Amino acid sequence: MRYRGTQIMRLSSKLLSIPAFVFLSLLPTSQAATDDSFVVNGVRIHYMVEGKGQPVVLIHGLNSSAAHNWQLPGIISLLSKDYQVIAVDMPGHGKSDKPLAEEAYGAQMVEYVIRLLDHLKIKKAHIIGYSMGGMIAVKLMVKYPERALSGLVCGMGWLREGSAMQKVLERIPAGRRSQTPAVCARSLGKLAVSEEEIKSIRVPVEVLVGDRDPVRRLFVAPLAEVRRDWKVVEIRDAGHLSCVVRQQFKDEIKNWLDKNSGRN
């Protein structure tokens, strides 16, 4: 099936957003996380830390936040039983600053994650990203392979450099009623990576995607052609917006970390 440009733009605008209404029926499962922030190039970045053990960085999706993507669904409380969980609000999201300058977004979002690891004096961590966060995770593993213990790409696959999808993402608007500056959404195309770069990643990587998620066709299928060694796990009865609340999704993250931290 082929998608026309306007169809792809509508899909992209939808699939890269995690609106708060998905979580309105959920209660916070943990209040133990430590809230803190630090400043990078004049931009204040908020983050949460909970638990002890091997470090795990959680990176949320567009128009979401650490709280909506990871805390409210209970993922932080689950993982923090065995790991040091670090959930960051990307600029333009959550409690972090919301700069309007284009240079604050795009590939610069990888730098915020690396600077956070430096700030916390962490040499390596498991990197987990959802949707936009998955793009950031892939770009990080390409640029800073020495900082990743493993990678879990969720609700995302391969944003290929030079592809039509890259150009479409550079034109998508911010979500409705979103406080995220539109320039953030338009910067996502700068997170694209080449085939050579995607093949250069050497740390263990797995992909989690909802079986009803358009991402599966748009981003995961192309990835599966060039990284057949990366297992793709489909989350049953899950679309792009509902995946993070599925118990299978949470269990798969925990199983991946246990496998790659030596707990299994």
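**Sheet, helices and cores in a predicted model**

Trainee: In what order do the strands of the open sheet run?

Mentor: This is a predicted model, in which local features need pLDDT of at least 70, side-chain atom pairs count only at pLDDT 80 or more, and totals for chains, interfaces and linings use all residues. Residues are numbered from 1 along each chain as its sequence is written, and side-chain values use heavy atoms, leaving out hydrogens and water. Strands are DSSP runs of E, at least two residues, and helices are runs of H or I, at least four, numbered from the N terminus. The open sheet of 8 strands has mixed pairing and the order β1-β2-β4-β3-β5-β6-β7-β8.

Trainee: Which strands form the edges of this sheet?

Mentor: Two strands pair if DSSP finds at least two bridges between them. An edge strand pairs on one side only, and this applies to β1 (34-40) and β8 (231-235).

Trainee: Which residue in β8 is the bridge partner of Val209?

Mentor: Strand β7 (residues 205-210) pairs with β8 in the parallel sense over 5 bridges. The partner of Val209 in β8 is Glu234.

Trainee: Which helix gives the most to the largest nonpolar core?

Mentor: Such a core joins buried Ala, Val, Leu, Ile, Met, Phe, Trp, Tyr and Cys residues through side-chain atoms within 4.5 Å, where buried means under 20% relative accessible area with a 1.4 Å probe, protein chains only. The largest has 60 residues, and Met109, Ile136, Ile198, Ile201 and Phe219 have the most contacts inside it. With 8 residues, the leading contributor to this core is helix α5 (residues 132-143).

Methods
Buried < 20%, exposed > 50% of the residue type's maximum accessible area, 1.4 Å probe, protein only.
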